[in-house]
Amino acid sequence: MAAKEQGAAVDCLEKRISDLERRIFTSEKDVLSLKGSSCLGTLNNVQKNLDRIGSKHAKIAAVWKKVKELEKFLSPEFLEEATLTDDAKADIIIAGEGQLKVCADQLRQVEDLKKVVTTEPIKDLPTWSAKLQPLVELHIQQKEEFDVTDERLHNLLAAYNKIINLLSKQFVQWDSALTQIEQAMEVKPAD
């Protein structure tokens, strides 16, 4: 009876493997390529190819050696162990208390300033913008006129300064000439 149960178990496993092969290999070509070979033989060939690749490339061999370690780090159990305890979380929160208070104050300020942004005058901004457009254009025109007038004024002041300098030099020359004439007249004896 034990042999009969073992035979039934083997038949059951072979049926399950055949079902898996049909699900994995969807095309006829895949199924025909497996004819005459067993799943175990294919797995052995894959393992040999992987070992051969690992022996040719040192980095791949190092990765194969660390697969168990990687599986350990990627497991949900490790993540649960690696998470912080409640005491550690509390310590982190207490350490950041000052920063949390500053952040809360800044959030209050934003909330207060939010009232300013949503007030009625700001809602009327598009209508005021249309009314201000002619004033902006007038301001630009007046600014251009001012720039022209300012340049003209600078030119006039420069010309005025040149004239005053020339007159000053002329007066200095006349004063010098008069002084020489006066000195020459005083030097001559009176007859």
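Is K143 buried or partly exposed? K143 is partly exposed, with a relative accessible area of 43%. That residue belongs to a predicted model, and its surroundings are taken up again below.

The overall fold comes first. The protein chain holds 10 helices and zero strands. Read along the sequence, the pattern is α-α-α-α-α-α-α-α-α-α. The chain has 191 residues, of which 2% count as buried. About 18100 Å² of the protein chain is exposed. Carbon and sulfur atoms supply 63% of that area.

Confidence varies along the model. The average pLDDT of the protein chain is 83. A score of at least 70 is reached by 88% of the residues. Confidence is highest in helix α10, at a mean of 93. Helix α2, residues 28-34, has the lowest confidence, at a mean of 65. Where pLDDT is low, the predicted coordinates should not be read in detail.

Salt bridges were examined next. The count comes to three. Two of the pairs described here lie in helix α8, which spans residues 97-117. In the pair formed by E97 and K101, the closest N and O atoms are 3.4 Å apart. E97 and K101 are four residues apart in helix α8, so about one helical turn separates them. E97 has a relative accessibility of 41% and therefore counts as partly exposed.

D105 and R108 also meet through their side chains, with an N to O distance of 2.5 Å. These two residues are three apart in helix α8, so they too are separated by about one helical turn. The two partners fall into separate accessibility classes. D105 is partly exposed, at 40% relative accessibility. R108 is exposed, because its relative accessible area of 51% is over the 50% cut-off.

The remaining pair returns to K143. The side chain of K143 meets that of D147 in a salt bridge, at 3.3 Å from N to O. Both residues lie in helix α10. They are four residues apart, about one turn of the helix. D147 is partly exposed at 36% relative accessibility, and K143 is partly exposed at 43%.

Helix α10 covers residues 125-187. A nonpolar surface patch is made by W128, L132, L135, V136, L138 and I140. The area of this patch is about 560 Å². One of its members, L138, is placed in helix α10. L138 counts as partly exposed, with a relative accessibility of 39%. That value is over 30%, so L138 meets the accessibility cut-off for a patch.

Cysteines were also considered. A disulfide is a covalent bond between the sulfur atoms of two cysteines. A search of the whole structure finds zero disulfides. C12 is partly exposed, with a relative accessible area of 42%. C103 is likewise partly exposed, at 38%.

A final site involves a loop. S75 sits in the loop between α5 (67-74) and α6 (76-82). S75 has a relative accessible area of 17%, which is under the 20% cut-off, so S75 counts as buried. A polar atom of the S75 side chain lies 2.8 Å from the backbone oxygen of K72.

Definitions and conventions: Residues numbered from 1 in each chain as written. Predicted model: local features only at pLDDT ≥ 70, side-chain atom pairs only at ≥ 80, totals over all residues. Heavy atoms only, no water. Patch = residues over 30% accessible without salt bridge, like charges linked within 9 Å, V, L, I, M, F, W, Y side chains within 5 Å. Areas by Shrake-Rupley, 256 points an atom, 1.4 Å probe, with all protein chains shown as cover. Salt bridge = Lys/Arg side-chain N within 4 Å of Asp/Glu carboxyl O. Buried < 20%, exposed > 50% of the residue type's maximum accessible area, 1.4 Å probe, protein only. Disulfide = S-S within 2.5 Å. Polar contact = N/O pair within 3.5 Å; in protein donor to acceptor, adjacent residues only side chain to side chain. pLDDT = per-residue confidence, 0-100.
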